[in-house]
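Please open the model in your viewer and keep the selection panel at hand. The tour below moves from single residues to a helix pair, and then outward to whole chains.

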2 protein chains.
Amino acid sequence: MAEATDAPQRDRRRAEILAAAGRLFAERGIRETTVRQIADQVGVMSGSLYYYFATKQEIVHALMRAYVEDLVDRYCIHLSGEADARSQLQRLVKTSLEAMLEHPHENAILQHELGRMFRTEEFAYLPGAVAQIEEIYLAVIREGVKEGDIRSDIEPRFMFRTIMDVVKGAAYWYDPDVHDVEQVTSTWWKVLGRGVYSP
Amino acid sequence: MAEATDAPQRDRRRAEILAAAGRLFAERGIRETTVRQIADQVGVMSGSLYYYFATKQEIVHALMRAYVEDLVDRYCIHLSGEADARSQLQRLVKTSLEAMLEHPHENAILQHELGRMFRTEEFAYLPGAVAQIEEIYLAVIREGVKEGDIRSDIEPRFMFRTIMDVVKGAAYWYDPDVHDVEQVTSTWWKVLGRGVYSP
DNA sequence: GTCTATATTGAGATAGAC
DNA sequence: GTCTATCTCAATATAGAC
């Protein structure tokens, strides 16, 4: 049992560790989670984690980098938007919601730490990706304003922020046992859409 | 200089400590702020803080209890609402925004920790106050629905959450050097009001 | 690969002089 | 009231056996 059964086995353990860490980080915070708690969840001793990750920070990075890669993939679809601005905006919001709801832990960690730990140099890729996403939204909003589909009396950046505030909030109190994505999205559009659209 | 000039002097120091701690807690987080950093900001050695507060936690409590008292005071005005539901709701939101913007640090700390540290027994008064505020909002929304002022096809709790998400978000990115309350409130109503009101 | 045992560090808190 | 010096403890990380 001493030699490594090639990569896959190792990767499975890594994934276990990442899953446990993600859950704990989201629930109690990164600082508040100890490597011993992570090890407990996986069923090993804390020292063993260091066979897979050099530091606790590296676990955080692995989680966040994977999440950001997934985010970029999802939003890339929207770069070649042919449809009208309203549908594009609606699909953008659906993408945001889906990304957050399919990775609730990573999203919670990201939101919680964006203004703190993730503002440091070593996490620069996170605010970077967030800014990228903002630009995609802004392009759609500006296009919609030009076409007359989206009201022009609200500054695009303000509109984007308000939309994201609602989406982030929804992701925060969303409970998969009680709600479902379609229902939240549609009710959400009742509230926001009529405010955002031209009369 | 050895003897205490009665209470006021002592209170002033306490206030200095609370101000420094509030700023640091909001900026870097509670766990991430050390008592030495607080002491540095005040211009004393860390040991001296313990003449005013028994523990670091007690500083957090002092900050939060004062904030909650202020919140309750502000919202009490709305308990004897005579006006129509729309104006009442609008005034409620203004109250929320003002409270958050006048105590940006306390608000940032509260928002940041509500799902974590403040979920514990000893901070029970915080979620308690938040629930109280929710009830005040809900009463106004339900009254408005009954009067036909506010649309009835959105669950009141959902509407409340969406409103608070927007307000909290605004408080987060609000920059006193760039924005002012009136401007934010009015632009905010352009977005939200038309979605919330009946046609 | 995982364990036991331990080194190291950082932060909250205390004691006692001044 | 504030300082200096120090205690204590918890948590990350390491070393080496198995």
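## A tour by selection

Begin by selecting B:Lys56, which counts as partly exposed, since 18 C-beta neighbours lie inside 10 Å. In this model, which is predicted rather than determined by experiment, B:Lys56 belongs to helix 4 of chain B. Now add B:Ala21 to the selection and draw a distance between the two C-alpha atoms: B:Lys56 and B:Ala21 are 35 residues apart in sequence, and their C-alpha atoms are 9.5 Å apart in space.

Next, extend the selection to the whole of helix 1 (residues 7-28) of chain B and helix 4 (residues 56-76) of chain B, whose axes come within 10 Å and cross at roughly 90°. Because angles of 65 to 115 degrees count as roughly perpendicular, helix 1 of chain B and helix 4 of chain B are described as roughly perpendicular to each other. Show side chains for the residues that make this contact, which are B:Ile17, B:Leu18, B:Ala21 and B:Gly22 on helix 1 of chain B, and B:Ile59, B:Ala62 and B:Leu63 on helix 4 of chain B. If you colour the residues of this contact by class, six are nonpolar, one is polar and none is charged.

Stay with B:Leu63 and display its surroundings. Leaving aside residues up to four places away in sequence, B:Leu63 touches B:Leu18, B:Ala21, B:Gly22, B:Glu106 and B:Ile109. Which residues touch the most other members of the largest nonpolar core? In that core of 88 residues, they are A:Ala21, A:Leu63, B:Ala21 and B:Leu63, so that two residues of the helix contact just visited, B:Ala21 and B:Leu63, appear in this group as well.

For a contrasting stop, select B:Glu102, which is found in helix 5 (residues 85-102) of chain B. B:Glu102 is exposed, because 12 other C-beta atoms lie within 10 Å and a residue with 12 or fewer counts as exposed. A distance drawn from B:Glu102 to B:His179, 77 residues apart along the chain, gives 14 Å between the C-alpha atoms.

Now turn to the place where the chains meet, and select the 22 residues of chain B that are in contact with 23 residues of chain A. On the side of chain B that touches chain A, helix 8 (156-173) and helix 9 (181-196) of chain B each supply at least two residues, and helix 8 of chain B gives the most, with eight residues. Colouring this side of chain B by class gives eight nonpolar, five polar and nine charged residues.

With both chains displayed, superpose chain B on chain A: a turn of 180° and a shift of 0.0 Å along the axis lay one on the other with an RMSD of 0.1 Å. That is the relation of a two-fold axis, and the same surface serves both copies, as 100% of the contact residues of chain B recur in chain A.

Finally, hide chain B and look at chain A alone, in which the secondary structure comes to eight helices and zero strands. The C-alpha trace of chain A spans about 70 × 35 × 30 Å along its principal axes, and of the 199 residues of chain A, 30% count as buried. A contact map of chain A completes the tour: among contacts between residues at least 6 apart in sequence, 65% join residues at least 24 apart.

Notes
Residues are numbered from 1 along each chain as its sequence is written. Chains are lettered from A and ligands numbered from 1 in the order in which they are written. This is a predicted model: local features need pLDDT of at least 70, side-chain atom pairs count only at pLDDT 80 or more; totals for chains, interfaces and linings use all residues. Axes are lines fitted to C-alpha atoms, for helices over the stretch in contact, and angles run from 0 to 180 degrees between N-to-C directions. Helices (H or I, at least four residues) and strands (E, at least two) are DSSP runs, numbered from the N terminus. Angles under 35 degrees count as roughly parallel, over 145 as roughly antiparallel, 65 to 115 as roughly perpendicular and the rest as oblique. Two residues are in contact if their C-beta atoms, placed from the backbone, lie within 7 Å. Ala, Val, Leu, Ile, Met, Phe, Trp, Tyr, Cys and Pro count as nonpolar, Asp, Glu, Lys and Arg as charged, and the others, Gly among them, as polar. A nonpolar core is a set of buried Ala, Val, Leu, Ile, Met, Phe, Trp, Tyr and Cys residues joined through C-beta atoms within 7 Å. A residue is buried if 20 or more other C-beta atoms lie within 10 Å of its own, exposed if 12 or fewer, and partly exposed in between; C-beta atoms are placed from the backbone. Copies are superposed by least squares on the C-alpha atoms of residues with pLDDT of at least 70 in both.
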